[in-house]
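Q: I would like to learn how to read helix burial and pockets in a protein model. Could we work through an example together?

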Amino acid sequence: MIDVAIMGHGVVGSGVAEILINHNDRISGRVKAPVNLKYILDLRDFKGLTYSEKFIKDFNIILNDKDVRVVAEVMGGVNPAYDFVKKCLQSGKSVVTSNKELVASKGAELIKIAEDNNVNFLFEASVGGGIPILRPMVQCMAANDIDEIWGILNGTTNYILNKMIVDNMDFDSALKLAQNLGFAEKDPTADIEGHDACRKVCILAALAFNKHLYPNQVKTEGITNITSEDIEYADSFGAVIKLIGHAKKLPNGKITASVSPTLVAKDCILSSVNGVFNAVMLNGDQTGEVVFYGKGAGKEATASAVVADIMDCIKHLNARKYLSWEDGDNDYVDMAYDPETRLYVLIKSDDFESLKAQFNKIFGNNTTNIKNAEKGEIAFITEKSKQSLVEQKLSLFKNGISVKTLNTML
Ligand code: HSE
């Protein structure tokens, strides 16, 4: 018999408990040992559940119980999750987690502690919810040098943008729906400001490039400034707006990483990733582009990945599963990287004649597609050039003209 504990009984934690209990025969059969969910740690009271007797409020009960060999941390946040996970690993228990904030900020350290204590630390559910992505990337693509990653990594923002695009819904109503469906983080700021996607970029990049990328090294912008107007303009340019996480290995050995609302061409596979679905596209030097797609958030999908990690730990109680990377450093990211790119630009002014005159002087023919001049604003996509050159030109617009830019994958 293998005893297992769950720390946290929120959306994902309750899903993990239900799978372990309702599908116990299947799970025990597949790991070739009876699996027993012994404890669920949560400070709240959960009465009336068929498994109410499993709840405890004291972490030390799990820590001091030698029969508990695998612990699932699904509390979210760094504290107290970090302390609890560290102590479990140090006392010889394998840990699995869906907590991207924890892995993105403390992953290298926790992996090292797991290695030192000959136990496993697995976190498949931390990126892409139910999508098998981390193991396939590390194991099935092991013969490749991966040099670039693009991803739609946050179900909540993808759901919101999709509702704004397809149903003309406003931002707040779409966010409320996503929260009701259990996709959003406890504090949805992490979703809509891009922090959740940023953490997932860190984990993907760390695994792909074998070095810890920290959240403060990723240029991160959320979707709160995206309006229905941008969505309409994007449509007229043959694109949709998606929150794209990106990481790329540069020839100088450093990397560049970002999260930003981005115009994606309608013929790019990422443009058709809708609702709560996520997708990760990787470029391997042997495989070329590979895409992983599936439900990126939600109770059952995420819990399924957590339970699969629990099962992997049980099958490898005496062996190490390798998901690891080295610690990072301050100058790992090339902050001065200046990509060759096209930008979406929206300029507005009450004085449209002056706006047009300045636009013609500054950009001339150096744009493709200019839209909607009659509303006192000009939207366009710049020609491909160094981003710094476009920014220099945009800085020439005089006071009274507002300038908005978005990245594109055009
Ligand atoms: N809030 C996250 C999302 C949950 O919306 O993608 C899954 O990580």
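Q: Which residues of helix α14 (residues 387-394) are buried?

A: The model is a predicted one. Burial is judged by relative accessible area, with under 20% counted as buried. In helix α14, the residues that meet this criterion are Q387, V390 and L394. Viewed down the axis of α14, these buried residues fall within an arc of 65 degrees, so they line one face of the helix.

Q: What do the buried residues of α14 pack against?

A: Their partners are the strands β13 (340-341), β14 (343-348), β16 (377-382), β17 (385-386) and β18 (402-408), together with helix α13 (352-363).

Q: Which residues are the closest to the centre of the second largest pocket?

A: This pocket has a volume of about 830 Å³. Of its 32 lining residues, H246, P339, T341, Q387 and N407 are the closest to the centre. Q387 is also one of the buried residues of α14. Elements giving two or more residues to the lining include β13, α14 and β18, while β10 provides the largest share, seven residues.

Q: Why is the second largest pocket said to lie between domain 2 (134-295) and domain 3 (340-409)?

A: Both domains give residues to its lining, so the pocket lies between them. By class, that lining has 11 nonpolar, 12 polar and nine charged residues.

Q: How many residues of each class line the largest pocket?

A: The lining divides into 15 nonpolar, 20 polar and 12 charged residues. The pocket holds about 1100 Å³ of space, and V74, M75, G76, E185 and K186 are the closest of its 47 lining residues to the centre. Domain 1 (2-129 + 299-315) and domain 2 (134-295) each contribute at least three residues to this lining.

Terms used: Residues are numbered from 1 along each chain as its sequence is written. This is a predicted model: local features need pLDDT of at least 70, side-chain atom pairs count only at pLDDT 80 or more; totals for chains, interfaces and linings use all residues. Side-chain values use heavy atoms; hydrogens and water are left out. Buried means under 20% relative accessible area, exposed over 50%, partly exposed in between (1.4 Å probe, protein chains only). Helices (H or I, at least four residues) and strands (E, at least two) are DSSP runs, numbered from the N terminus. The arc is that of the directions from the helix axis to the C-beta atoms. Contact means heavy atoms within 4.5 Å. On a 1 Å grid over the protein atoms alone, a cavity is a set of points where a 1.4 Å probe fits but cannot get out, and a pocket is an open set with protein on both sides within 12 Å along at least five of seven lines; lining residues have an atom within 4 Å of a point. Grid points are joined across faces, edges and corners, and a volume is the space filled by probe spheres set on the points. Ala, Val, Leu, Ile, Met, Phe, Trp, Tyr, Cys and Pro count as nonpolar, Asp, Glu, Lys and Arg as charged, and the others, Gly among them, as polar. Domain bounds come from an automatic or database domain assignment.
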